[in-house]
Amino acid sequence: LALQREGVRMTDHVKLQTKNGALWITLNRPDCGNLITMAMIRTLTEILQSIPDDIKIVVIDAEGDEFCKGRDYSEAPEDAAKGKKPSALDIRTRMTAPIIDFYSTIKSASVPTVSVVQGAAAGFGCALACACDIVIAGDRAHFSLPEMHERGLPPTLAMTALLDRVNLRSLVYLVFGTEQIGAAAALSAGLVSAVEPHQTLREKAIVFAAHVCSQRGDSIRAVKDYLKLAPQMQPTGRAALGSGLYAIVAGSR
């Protein structure tokens, strides 16, 4: 691992690196399309809960040809095919609670989060990518929520992550259609912020992260605070929050 911080537990499948104020989190299971284990989910949650004060942006990317093809069901608590069928309580304790905690954590991170998506972002991978504040996709990227077709399971956990991130009709189409949509369609649906040529995707992400890091940290965190709180507020509350955050930052200069 390129960086280790006290209080953050890391595995061989998650790499960390800092670059001039940006924290890069890299999924590192390219041999299986970066399938996510529960251990990786817990690690990602702990990292995002422990962002150092000198970090201005978090970038999540992945090694290999795929961003993330979903969860690793070979060790999934709800995979009854492996033996005794687990109870609903067992599934909630071992699987759904950690995933919901992760989605909450990534949205409430203290700084902006960016995902850099190449290849497949399926199931959990789609939710992980698109729960970020900004999604930069390569033109070869594709997104899907295939759980209904592949496992007969409702992707309600992923929907929890995406419900406030994407047009509702587009989300419902993804869920019931279960088909992959390309980067251009994902951009139209609101899943993606920008589409870049595959060959220059990482370069674009590096330039974007460096540009954000060139800005004042207090302004960056004020914008992130506004994004976290304003969508749940009434218009008058949003205006008061915006006014207050602006005054705090402007008054500190």
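**Exercise 1. How far apart are the mean positions of the positive and negative charges of the protein chain?**

Start with the tally: this predicted model has 27 positive and 26 negative charges in the protein chain. Average each set separately, then take the distance between the two means: 4 Å.

**Exercise 2. Which radius of gyration would a compact globule with 253 residues have, and what does the protein chain have?**

Step one is the expectation: for 253 residues, a compact globule would come out near 18 Å. Step two is the value for the protein chain, 18 Å, which agrees. For the extents, put a box along the principal axes; the C-alpha atoms fill roughly 60 × 40 × 40 Å.

Next, look at what sits inside. Buried residues account for 46% of the 253. Now take the contacts with a separation of 6 or more: 68% of them come from residues 24 or more positions apart. On the outside, the protein chain exposes about 12600 Å², with carbon and sulfur atoms supplying 53% of that area. As for secondary structure, count 10 helices and nine strands.

**Exercise 3. Which residue forms a salt bridge with Lys107, and how far apart are the closest N and O atoms?**

The cut-off to apply is 4 Å between a side-chain nitrogen of Lys or Arg and a carboxyl oxygen of Asp or Glu. Asp164 is the partner, with the closest N and O atoms 2.7 Å apart. Now place the two ends: Asp164 belongs to the loop between α5 (156–162) and α6 (168–177), while Lys107 is in helix α2 (residues 88–107), so this pair links distant parts of the chain, 57 residues apart.

Then check accessibility. Lys107 counts as buried because its relative accessibility is 17%, and the cut-off is under 20%. Asp164, at 47%, is partly exposed.

**Exercise 4. What parts of the chain does the pair Asp133 and Arg165 tie together?**

First the contact itself: the side chains of Asp133 and Arg165 meet in a salt bridge at 3.5 Å, N to O. Asp133 lies in the loop between α3 (124–131) and β6 (134–138), and Arg165 in the loop between α5 and α6, so the pair ties together parts 32 residues apart in sequence. Asp133 is partly exposed at 23% relative accessible area, and Arg165 is partly exposed at 23% as well.

**Exercise 5. Which residues do salt bridges that share partners join into one network?**

Add one more bridge: Asp164 also pairs with Arg165, closest N and O atoms 3.9 Å apart. Following shared partners then gives one network of Lys107, Asp133, Asp164, Arg165 and Lys224. Over the whole model, the count is nine salt bridges.

Conventions
Residues numbered from 1 in each chain as written. Predicted model: local features only at pLDDT ≥ 70, side-chain atom pairs only at ≥ 80, totals over all residues. Heavy atoms only, no water. Helix = DSSP H or I, 4+ residues; strand = E, 2+ residues; numbered from the N terminus. Buried < 20%, exposed > 50% of the residue type's maximum accessible area, 1.4 Å probe, protein only. Rg over C-alpha atoms; globule rule 2.2 N^0.38 Å. Contact = heavy atoms within 4.5 Å. Areas by Shrake-Rupley, 256 points an atom, 1.4 Å probe, with all protein chains shown as cover. Lys, Arg positive; Asp, Glu negative; His and termini not counted. Charge placed at Lys NZ, Arg CZ, Asp CG, Glu CD.
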